[in-house]
Amino acid sequence: MASAESGSESEPEDADHEPVEHMLSDTVDKTLTMLREALKQHQRQSKRKVPPNVYSQVLTYNEQSQPEIIRDHNDPFKIDWIRPSMVSDNYIVGEDVLRVAESEKLVVRYPIRNGCFNVEDYESIEEVLGDIETIWMSAITKDLGIPRKDLAKYGVVLVIPDLFSRVEVSLLADLLLRQMGFKYLLMQQSSVLVTFGAGFSSACVVDVGAQKTSIACVENGFCYQESRVSIMYGGDDITRFLYSLFKQSNFPYHEASLNRNFDWTMINELREKYCTMNLSDVNIRLHNFFVRQPRRKHTQKHSFKAYDEVYQAPFCLFYPTIADAYYSPPDYANSFVNAVVPDTFADPMPPASSSGLPTLTQFGIFPSKADTADGAMHSEDESDEPLLQMTAATAPATVPATAPGTPDPRGPAIDTTTAVKEALMAVEGPSRTSPSTPSMLPSVNYVPDFQAQHSRMPLDQAVTHSITHVGSIDSMKKLYSSIVIVGGGVSFISGFGELLANRLMYTRPSYLRGVVERADILSAPRDLDPRVLAWKGGAVLSRLECSKEMWISAQEWSDFGPRLLRDRVLFPW
């Protein structure tokens with residue numbers, strides 16, 4: 001969700017996209033070296049010919065590449081830039097923000113970041129809600145053609161995250177019913193609406209957005225509350241890592257900066273267009289892109305070569321220490337949202353984090369770890385973290401050694417030698433037999449791992465955590481065969497579903513090794529856009545017979561407030 005609020009007296013704020021470091025940190029460098037070594041070995045095992053000196057060829061071509069000038073009358077996709085003098089109102093919203101010519105005269109703010117209210121660029125909750133109302137009203141009046149005075153004739157469906165803040169949801173509901181004047185309100189979690197929109201009775205919904213990834217298991221319209229996981233990474237992190245890899249390869253557009261909207265949009269388009277997880281696509285390829293800037297009269301067409309950059313970039317979701325090097329979410333401990341506590345709340349809801357605040361990873365139920373209070377603590381240096389594995393069909397996977405059903409949320413140990421050895425040992429694919437089990441297992445007590453919320457959990461381990469907390473083995477087996485990937489973060493990356501499915505075979509707990517033989521990724525039916533399945537599901541839910549008892553009128557909200565939600569929603573409030 002994006003908006004721009006203008007004000008010539010204000011200083012420009014470019015907190016939207018953090019600058020990318022030109023020199024990778026040691027952790028990122030070691031992780032990238034490990035991934036490239038594993039890729040090289042896997043290419044040899046699969047009989048794929050690797051051209052000699054591939055990186056040198058890429059560097060040499062990109063260093064010598066010169067742009068081609070395209071005149072305005074020959075550019076069919078010429079951008080009509082918006083000058084501040086052309087703005088009739090004192091604000092611009094939506095995609096028009098990306099066409100602003102003199103962005104230094106504007107203040108660009110996103111009211112929602114990382115799946116919650118933006119506390120970086122705002123000073124109060126009233127500012128956030130004011131911008132959200134402006135964005136919604138602009139879309140309703142301009143795109144739907146509904147004037148504000150007619151909103152009292154309509155109902156509205158509010159799609160909320162699976163792991164939500166009761167304060168934020170209550171404020172949004174109050175905004176819709178009191179401030180904007182809708183007649184009725186219907187509220188539901190996004191994962192449930194995805195299954196309604198896709199027509200699935202049960203599924204593990206993996207929603208990878210731009211800044212947040214949400215995972216939850218749904219069965220017959222009910223979201224397993226313990227299966228919910230929310231992680232602060234997404235497509236934007238892939239874009240940052242991809243840009244860093246391009247810079248290492250002498251990207252011909254030297255003055256590119258992710259702090260500028262038009263450059264960010266261009267790199268993001270390269271991610272959506274060229275990123276792939278198919279091993280057959282890893283080769284030296286020639287790509288083109290166009291640079292359109294408001295201060296340049298004509299368009300520049302650049303040509304560049306890439307080898308494995310478009311293949312390695314999405315791995316930052318499986319190795320989140322890479323994402324940590326480029327962007328750090330704000331500190332929510334001193335957020336102004338904490339001071340907003342409506343006294344109409346009933347008993348407090350169990351928080352998604354131990355502090356009740358947004359964290360890097362939020363859980364419906366915390367992962368477990370061995371209780372080391374008796375002194376039997378493992379050393380930090382012991383190699384009990386995931387090791388890089390390879391499958392015969394696709395790319396690396398991870399093998400955790402943690403408590404049953406709970407993957408280790410930490411990143412993989414960066415040991416290139418061990419990782420490559422494990423990769424060569426696992427080329428034939430995951431074993432179909434259960435591992436040998438000792439006759440007497442040691443007595444170990446498991447306790448919640450509260451530290452897991454302070455680091456980003458790898459995507460494959462997060463999906464495993466979600467599925468293994470739904471209850472019965474039969475339900476787990478069913479959900480492993482019905483995983484659906486939605487959102488705009490990775491839905492259009494070719495081969496990403498196969499990669500995730502293969503990695504899940506290594507992260508599944510030992511007690512499922514003989515039960516779950518494979519993981520299946522379901523595609524969106526009827527060629528529906530996976531980015532809008534939740535909104536499609538909202539339209540379906542609003543027409544169901546059962547939804548009649550879920551609608552909340554403006555008068556009821558005025559009389560009872562948020563406490564009414566306990567009896568009107570199909571999820572625990």
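**Exercise 1. Count the aromatic pairs in the whole structure, then work through one that involves Tyr184.**

Step 1: a search of the whole structure turns up 18 aromatic pairs (rings of Phe, Tyr and Trp, the last by its six-membered ring, with centres within 6.5 Å; planes under 30 degrees apart are stacked, over 60 edge-to-face, the rest tilted). Keep in mind that this is a predicted model, where local features need pLDDT of at least 70, side-chain atom pairs count only at pLDDT 80 or more, and totals for chains, interfaces and linings use all residues. Residues are numbered from 1 along each chain as its sequence is written, and side-chain values use heavy atoms, with hydrogens and water left out.

Step 2: Tyr184 meets Trp551 edge-to-face, at 6.5 Å centre to centre and 70° between the planes.

Step 3: Tyr184 sits in strand 8 (residues 184-189) and Trp551 in the loop between helix 14 (533-542) and strand 22 (552-553), so this pair ties together parts 367 residues apart in sequence. Helices (H or I, at least four residues) and strands (E, at least two) are DSSP runs, numbered from the N terminus.

Step 4: with 35% relative accessibility, Tyr184 counts as partly exposed (buried is under 20% relative accessible area, exposed over 50%, partly exposed in between, using a 1.4 Å probe and protein chains only).

**Exercise 2. Describe the pair Phe246 and Phe304 and its setting.**

Step 1: the geometry is edge-to-face again, with 5.2 Å centre to centre and 75° between the planes.

Step 2: Phe246 belongs to helix 6 (residues 235-248) and Phe304 to strand 14 (residues 299-306), so look 58 residues along the chain for the partner.

Step 3: Phe246 and Phe304 are both buried.

Step 4: Phe246, Phe251, Tyr253, Phe289 and Phe304 make up one aromatic cluster.

**Exercise 3. Place strand 14 in its sheet.**

Step 1: the open sheet has three strands in the order 2-14-13, with antiparallel pairing (two strands pair if DSSP finds at least two bridges between them).

Step 2: strand 2 (68-70) and strand 13 (285-291) are at the edges with a single partner strand each, so one side of each has no neighbour in the sheet.

Step 3: seven bridges join strand 13 to strand 14, and Phe289 has His302 in strand 14 as its bridge partner.

**Exercise 4. Is Asn114 buried or exposed, and which side chain does it make a polar contact with?**

Step 1: Asn114 is in the loop between strand 5 (112-113) and strand 6 (116-117).

Step 2: at 6% relative accessibility, Asn114 counts as buried.

Step 3: its side chain makes a polar contact with the side chain of Tyr327 (3.2 Å); the term means a pair of N or O atoms within 3.5 Å, where within protein one must be able to donate a hydrogen and the other to accept it, and residues adjacent in sequence count only if both atoms are side-chain atoms.
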